[in-house]
Amino acid sequence: MRVLSNEDIDQLLTMPECIAVLETMYADYANGQALLVPRIDNISPATEPGAYYGFKQMGGAWPRRGVQALRINSDIVTHPIIAGKQRRVKEPKANGRWVGLVFMFSSETGALIGIFPDGAMQRMRVGSANGIALKHLARKDSKTLTIIGTGWQAGGQLMAALAVHPFQQIRIFSPRTESRAAFVAESKGRYPNVEILNFDNAEEAVYGADVIMSSTSSMVRVLEPSWLKPGMHVSCIKSQEVDQELLDATDRVIVHVSAQPKNYENIMPGTPNVNPSHESGWWTKPGNKFKEYKELAQLVAGSVPGRENRDDITCFVNNVGIGLQFAAAGALVLDKARNMDIGHELPDDWFSETVHP
């Protein structure tokens, strides 16, 4: 059984590789050859005022590679107001760190074959999904990309966008001046041949852009329908960054997973400061069109077309993460780790038993 670190994942997994393996997985899922385990969040009270405890679990089986993945997170969560908008923030309470793990099992023997943190792969798999959608839905002559957000996930969105398309100009907006400046400086160092600009106004940042990628922790819409122009492609990394009004201003919407509009939240009665988003989001309101939208796997498999008209406004809603992404990327990473002898091997006997369960 092999244990890897986030640093090992960074060494083993590139964005083009992640995109490629996820495309194969999505095609299998569309054809009924992969099994999704829905995401469930168990939520209960926390001792810290204004916070709650969340235990997230999701998984997926990918027979092509003989693996089953289980991804879990154990978090203390708060909903502070930052720059005038409510955010969802995971607090690093485990000795100043966060807790997120992926367990990889062999579906041929049942054995646990790998454990690694979810952080580095989490960013790669979210970026890959949005990058794949961009590849199919953005205009081929797109030149300008605007990214809303400057956090960990925003870096993954930029990586994925440049992996699938040669943008000439990148515009960065975030309401926080210092984080925006740091993100722009880091991005310029990473991509010296691309023009990367710092914007302090969201509307100005998206004006004239060909692609807009929202990557924030906002609990409310971050784009205005009036900002959308013919030919644009827009995307988000969570459902709350958009709403039905914004989606109605587009010509075509693709969602990540249609089987589960949002993660199911199993909330202990009396838990303060939390509302069940699966019951209260725009996707539950009268008149919502979520069930009409096709999903990314269908787009990848070719059962629904990509961009059809130059002037169409297209949108990808990354509504919920899926454990199948970890199954696909995890299988690739474990194969490479074995071949390159990266990580630590632990005795299989530690993770199996002689007693019939």
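Arg123 is placed over the face of Trp152, 3.9 Å from the ring centre, where a charge sits over a ring if NZ of Lys or CZ of Arg is within 6 Å of the ring centre and within 35 degrees of the ring normal. The model is predicted, with local features needing pLDDT of at least 70 and side-chain atom pairs counting only at pLDDT 80 or more, while totals for chains, interfaces and linings use all residues. Residues are numbered from 1 along each chain as its sequence is written, and side-chain values use heavy atoms, with hydrogens and water left out.

**Aromatic pairs**

Searching the whole structure gives three aromatic pairs, a pair being two rings of Phe, Tyr or Trp (its six-membered ring) whose centres lie within 6.5 Å, with planes under 30 degrees apart counted as stacked, over 60 as edge-to-face and the rest as tilted. The ring centres of Trp282 and Trp283 are 5.5 Å apart and their planes stand at 80°, so this pair is edge-to-face. A tilted pair is formed by Trp282 and Phe290, with 6.4 Å from centre to centre and 55° between the planes. Trp282, Trp283 and Phe290 together make up one aromatic cluster. Both Trp282 and Trp283 are buried, and Phe290 is buried as well; buried means under 20% relative accessible area, exposed over 50%, and partly exposed in between, computed with a 1.4 Å probe on protein chains only.

**Packing around helix α2**

Two packed helices are described by the angle between their axes and the distance between the axes. The axes are lines fitted to C-alpha atoms, for helices over the stretch in contact, and the angles run from 0 to 180 degrees between N-to-C directions. Helices (H or I, at least four residues) and strands (E, at least two) are DSSP runs numbered from the N terminus.

Helix α2 (residues 15-30) and helix α4 (residues 152-164) have axes that come within 9 Å and cross at roughly 80°. That angle makes α2 roughly perpendicular to α4, on a scale where under 35 degrees is roughly parallel, over 145 roughly antiparallel, 65 to 115 roughly perpendicular and the rest oblique. On the α2 side, Met15, Pro16 and Ile19 meet Gly156, Met159, Ala160, Ala163 and Val164 of α4, contact meaning heavy atoms within 4.5 Å. The contact of α2 with α4 is made up of seven nonpolar, one polar and no charged residues, with Ala, Val, Leu, Ile, Met, Phe, Trp, Tyr, Cys and Pro counted as nonpolar, Asp, Glu, Lys and Arg as charged, and the others, Gly among them, as polar.

Helix α2 also packs with helix α3 (residues 119-137), at an angle of about 75° and with the axes 9 Å apart, and that makes α2 roughly perpendicular to α3. Here Met15, Cys18, Ile19, Leu22, Glu23 and Tyr26 of α2 meet residues of α3 that include Met124, Arg125, Ile132 and His136. By class, the contact of α2 with α3 holds eight nonpolar, three polar and three charged residues.

**Buried residues and their contacts**

The table sets out three residues.

| Residue | Element | Relative accessible area |
|---|---|---|
| Val184 | helix α5 (residues 177-190) | 6%, buried |
| Cys315 | strand β18 (residues 314-317) | 1%, buried |
| Ala331 | helix α10 | 5%, buried |

Leaving aside neighbours within four places in sequence, Val184 is in contact with Ile172, Ile196, Leu197 and Asn198. Val184 and Asn318 are 134 residues apart in sequence, and their C-alpha atoms are 24 Å apart in space. Cys315, with residues up to four places away in sequence not counted, touches residues that include His233, Leu247, Arg252 and Ile254; the C-alpha atoms of Cys315 and His233 are separated by 5.7 Å, although the two are 82 residues apart along the chain. On that count of neighbours, Ala331 touches Arg65, Val67, Met104 and Phe326, and Ala331 and Arg65, 266 residues apart in sequence, lie 6.7 Å apart from C-alpha to C-alpha.

**Positive phi in loops**

Most residues other than glycine have a negative phi. Asn95, in the loop between β7 (89-91) and β8 (99-106), has a positive phi near 55°, and at 80% relative accessibility Asn95 counts as exposed. Asp341, in the loop between α10 (323-340) and β19 (344-345), has a positive phi of about 55° although not a glycine, and Asp341 is exposed, with a relative accessible area of 60%.
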